[in-house]
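Colleague: I'm a first-year and new to reading models. Could you take me through this one, a bit at a time?

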Amino acid sequence: MNTPKIIAEKYLDVAQNKMKTPWYKTLMLAVMAGMFIAVGSVAATIASRSFEGATANIVKGAIFPVGLAMVIVAGSELFTGNCLLIMPLLQRCISLKGMAKNLAIVYVGNFIGSIIIALIATYSHAFQIADLAPKIVDIAEQKATLDFGQALLLGIMCNIFVSIAVWMSMSSNSASGKIVALYLPIMAFIICGFEHSVANMYYLTSGLLSSAVFNISAEGLTVSNCIFNNLIPVTLGNMIGGMVCVGLPYWFIYLHQEKSHCTAETQENEKK
C-alpha cells in the first residue's frame with residue numbers, strides 16, 4: 001500500500017503527464033470516461049428498478065462504482081477526479097492555464113460521452129423494454145428542479161467522496177486493489193443521494209430524450225432548468241468539494257514546504 005505522502009507525490013507525476021497529453025487525446029479519453037460513468041448509471045438504474053427508497057439506493061450504490069472502476073483501470077479522464085489538479089497547481093508543477101484547459105476539455109468530453117450513451121439507451125428502447133422510461137424522466141425532473149444552493153451543497157459532498165475514491169485508488173498498484181479502494185466511497189455517495197456533474201450529464205440528457213421519445217409529461221424538466229438548477233451549481237459544488245475540501249488540505253499536509261518534484265522543463269512548458 002502506498003502511503004498518503006507517496007500518493008501525493010505520485011499525483012504530481014500524473015498531473016505532469018496529463019499536461020503533456022495532446023488536447024485531442026485528452027478529449028478522447030474524456031469521452032470514454034463520460035461513457036463509462038453513463039454506463040454505470042444505466043446499470044445502476046436497471047438493477048434498482050424493482051426496489052424503492054433506501055433499498056433502491058443501496059442497490060444503485062452497489063452497482064454504480066463500476067463506472068469509476070472503468071475510468072481508473074481502463075484509463076480515461078474524468079472531470080470530478082481531475083479537480084485534484086489543484087495540488088500540482090499549488091506545488092507549481094502545472095500552470096493555472098494548463099489546469100483550466102484540462103478541466104474545460106475534459107468537461108466537454110465527458111458531456112459528449114454521456115450524450116452518446118443517453119442516445120443509445122433511449123433510441124434502442126432499452127428503457128421501454130425494462131419499463132424504465134417514466135422512472136428515468138422522474139429522476140431527471142427531480143434533479144432539474146433542485147434549489148441552486150441545495151444542488152451546490154450536494155455537489156460539494158459528492159466530490160469529497162469521489163476525489164477521496166480517486167486518491168484511495170492510488171494507494172494500490174494492482175487493478176483489484178484500486179477497485180476495492182474506490183468502491184466504498186462511491187457506494188456511499190450514491191446511497192446518500194449526492195450530485196455528480198458527469199453522471200447528471202447522462203441522467204438529464206436521457207430524461208429529456210425519454211420525455212420526448214415516449215411522450216412522458218414532465219413540467220419541470222426543461223433544458224434551462226437542467227443547466228441552471230443542476231449542471232451549473234453541481235459543477236461548481238464538485239469543484240469546491242474536490243479542490244477545497246480534498247486537494248487543498250492534502251497539498252498542505254503532504255506537499256507544502258516540500259522540495260518540488262517537478263522538473264524545470266515541465267514548469268517552463270506549462271508557462272508557454
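Modeller: Sure, starting with a word we'll need: buried means under 20% relative accessible area, exposed means over 50%, and partly exposed is in between (1.4 Å probe, protein chains only). What you see is a predicted model, where local features need pLDDT of at least 70 and side-chain atom pairs count only at pLDDT 80 or more, while totals for chains, interfaces and linings use all residues. Residues are numbered from 1 along each chain as its sequence is written, and side-chain values use heavy atoms, with hydrogens and water left out.

Colleague: Okay, is Thr205 buried or exposed?

Modeller: Thr205 is found in helix α12, residues 197-213. (Helices, H or I with at least four residues, and strands, E with at least two, are DSSP runs numbered from the N terminus.) The relative accessibility of Thr205 is 15%, so it counts as buried.

Colleague: Which residue's backbone oxygen does the side chain of Thr205 reach?

Modeller: Look first at who else is around: skipping neighbours within four places in sequence, Thr205 is in contact (heavy atoms within 4.5 Å) with Phe111, Ile115, Ala118 and Asn200. The backbone oxygen is 2.6 Å from the Thr205 side chain, and it belongs to Met201.

Colleague: How many helices does the protein have?

Modeller: Read along the sequence, the pattern is α after α. There are 0 strands, and the helices come to 14.

Colleague: And what is its radius of gyration?

Modeller: That radius is taken over C-alpha atoms, and the globule rule to compare with is 2.2 Å times the number of residues to the power 0.38. For 272 residues the rule gives 19 Å, and the protein is close to that, so it is as compact as a globular protein of that length. Its radius of gyration is 19 Å.

Colleague: What kind of aromatic pair do Phe64 and Phe189 make?

Modeller: Rings of Phe, Tyr and Trp (its six-membered ring) pair if their centres lie within 6.5 Å; planes under 30 degrees apart count as stacked, over 60 as edge-to-face, and the rest as tilted. The structure holds 9 such pairs. In this one the centres are 5.8 Å apart and the planes stand at 90°, so the pair is edge-to-face.

Colleague: How far apart in sequence are the parts that this pair ties together?

Modeller: Phe64 lies in the loop between α3 (53-63) and α4 (66-75), while Phe189 is in helix α11 (residues 175-192). Both residues are buried. The pair therefore ties together parts whose distance in sequence is 125 residues.

Colleague: How many residues are in the largest nonpolar core?

Modeller: A nonpolar core is a set of buried Ala, Val, Leu, Ile, Met, Phe, Trp, Tyr and Cys residues joined through side-chain atoms within 4.5 Å. Phe64 and Phe189 are among those with the most contacts inside the largest one, as is Ile186. Not counting residues up to four places away, Ile186 touches Phe64, Pro65, Leu68, Val162 and Ala165. The number of residues in that core is 73.

Colleague: Last one: how many disulfides does the structure hold?

Modeller: A disulfide is a pair of cysteine sulfur atoms within 2.5 Å. The sulfur of buried Cys83 has its closest cysteine sulfur 10 Å away, in Cys158, which is too far for a bond. Cys245, partly exposed at 35%, is 11 Å from the sulfur of Cys83, again too far. The count of disulfides is 0.

Definitions and conventions. A polar contact is a pair of N or O atoms within 3.5 Å; within protein, one must be able to donate a hydrogen and the other to accept it, and residues adjacent in sequence count only if both atoms are side-chain atoms.
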